[in-house]
Amino acid sequence: MRAPDCGLADKQRPRVGVISDRRTEDGVGYETVRVRYLEALRTTAGVLPLVIPCGLVEGDLRVCLSVLNGVLLTGAESNVSPSFYGAQRLSKDA
């Protein structure tokens with residue numbers, strides 16, 4: 001499957017995806033990314049940051065990743081916690 005052209009005007013800069021974090025506020029779910037990550041990628045690294053929703057299904061994720069030159073995993077618990085992917089959470093004593 002070929003990735004669609006995203007229509008991004010700036011094709012000279014590398015595109016780096018930033019995995020969003022799931023947050024709930026007042027019972028409403030949100031996909032969020034801290035602005036400092038986006039600003040650092042844009043101004044310091046000189047790349048074009050793109051936000052990747054953390055709930056993409058496999059097919060959509062493959063298409064999304066195929067147009068990126070890199071991915072930044074920010075380390076938010078909802079992105080990297082083993083419990084998010086079905087594993088048991090480790091106790092703090094371990």
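Helices and strands are DSSP runs, with at least four residues in a helix and at least two in a strand, and they are numbered from the N terminus. With that in hand, N69 can be placed in the loop between helix 2 and strand 5 (70-72). Keep in mind that you are looking at a predicted model.

**Exercise 1. The overall layout**

Task: Work out how many helices and strands the chain has, and the order in which they come.

Solution:
- Step 1. Begin with the tally: the chain has three helices and five strands.
- Step 2. Now walk along the sequence, where the elements follow the pattern β-β-β-α-β-α-β-α.
- Step 3. Finish with burial: 22% of the 94 residues of the chain count as buried.

**Exercise 2. Two salt bridges**

Task: Find the salt bridges in the whole structure and describe the surroundings of each partner.

Solution:
- Step 1. Recall the general idea: side chains of opposite charge can pair when their charged atoms come close.
- Step 2. Fix the cut-off: a side-chain nitrogen of Lys or Arg has to be within 4 Å of a carboxyl oxygen of Asp or Glu.
- Step 3. Searching the whole structure with this rule gives two salt bridges.
- Step 4. Take R23 and D21, whose closest N and O atoms are 3.1 Å apart, so this pair meets the cut-off of 4 Å. Their side chains also make a polar contact (3.1 Å).
- Step 5. Place D21: this residue is in strand 2 (residues 21-25).
- Step 6. Is D21 buried or exposed? Buried means under 20% relative accessible area, and D21 has 8% relative accessibility, so D21 counts as buried. R23, with a relative accessible area of 40%, is partly exposed.
- Step 7. Turn to E58 and R62, which form a salt bridge with their closest N and O atoms 2.7 Å apart. Both residues lie in helix 2 (residues 58-66), four residues apart, about one turn of the helix. E58 and R62 are both exposed.

**Exercise 3. Around the rings**

Task: Count the aromatic pairs, then find which residue lies over the face of Y37.

Solution:
- Step 1. Ring centres must lie within 6.5 Å for a pair. By this rule, the count is zero aromatic pairs.
- Step 2. A different kind of neighbour is still worth a look: R36 lies over the face of Y37, at 5.3 Å from the ring centre.

**Exercise 4. A nonpolar patch**

Task: Which residues form a nonpolar patch on the surface, and how much accessible area do they have together?

Solution:
- Step 1. The members are L65, V71 and L73, with about 270 Å² of accessible area together.
- Step 2. Locate one of them: L65 is found in helix 2.
- Step 3. A patch residue needs over 30% relative accessible area. L65 has 36% relative accessibility and therefore counts as partly exposed.

**Exercise 5. Far in sequence, how far in space?**

Task: For G46, Q12 and N69, give the location, the exposure and the C-alpha distance to a partner elsewhere in the chain.

Solution:
- Step 1. G46 sits in the loop between helix 1 (35-44) and strand 4 (48-52). Its relative accessibility is 31%, so G46 is partly exposed. G46 and R13 are 33 residues apart along the chain, and their C-alpha atoms are separated by 7.1 Å.
- Step 2. Q12 belongs to the segment before strand 1 (15-19). With 74% relative accessibility, Q12 counts as exposed. From Q12 to L48 there are 36 residues along the chain, with 9.4 Å between the C-alpha atoms.
- Step 3. N69, which you placed at the start between helix 2 and strand 5, is exposed at 55% relative accessibility. N69 and V47 are 22 residues apart in sequence and 9.4 Å apart in space, C-alpha to C-alpha.

**Exercise 6. A positive phi**

Task: What is the phi of D26, and where does this residue lie?

Solution:
- Step 1. Start from the background: most residues other than glycine have a negative phi.
- Step 2. Phi of D26 is near 55°, a positive value in a residue other than glycine.
- Step 3. D26 lies in the loop between strand 2 and strand 3 (28-32).
- Step 4. The relative accessible area of D26 is 79%, so D26 is exposed.

Key
Residues numbered from 1 in each chain as written. Predicted model: local features only at pLDDT ≥ 70, side-chain atom pairs only at ≥ 80, totals over all residues. Heavy atoms only, no water. Phe/Tyr/Trp six-rings, centres within 6.5 Å; stacked < 30°, edge-to-face > 60°. Lys NZ or Arg CZ within 6 Å of the ring centre and 35° of its normal. Buried < 20%, exposed > 50% of the residue type's maximum accessible area, 1.4 Å probe, protein only. Patch = residues over 30% accessible without salt bridge, like charges linked within 9 Å, V, L, I, M, F, W, Y side chains within 5 Å. Areas by Shrake-Rupley, 256 points an atom, 1.4 Å probe, with all protein chains shown as cover. Polar contact = N/O pair within 3.5 Å; in protein donor to acceptor, adjacent residues only side chain to side chain.
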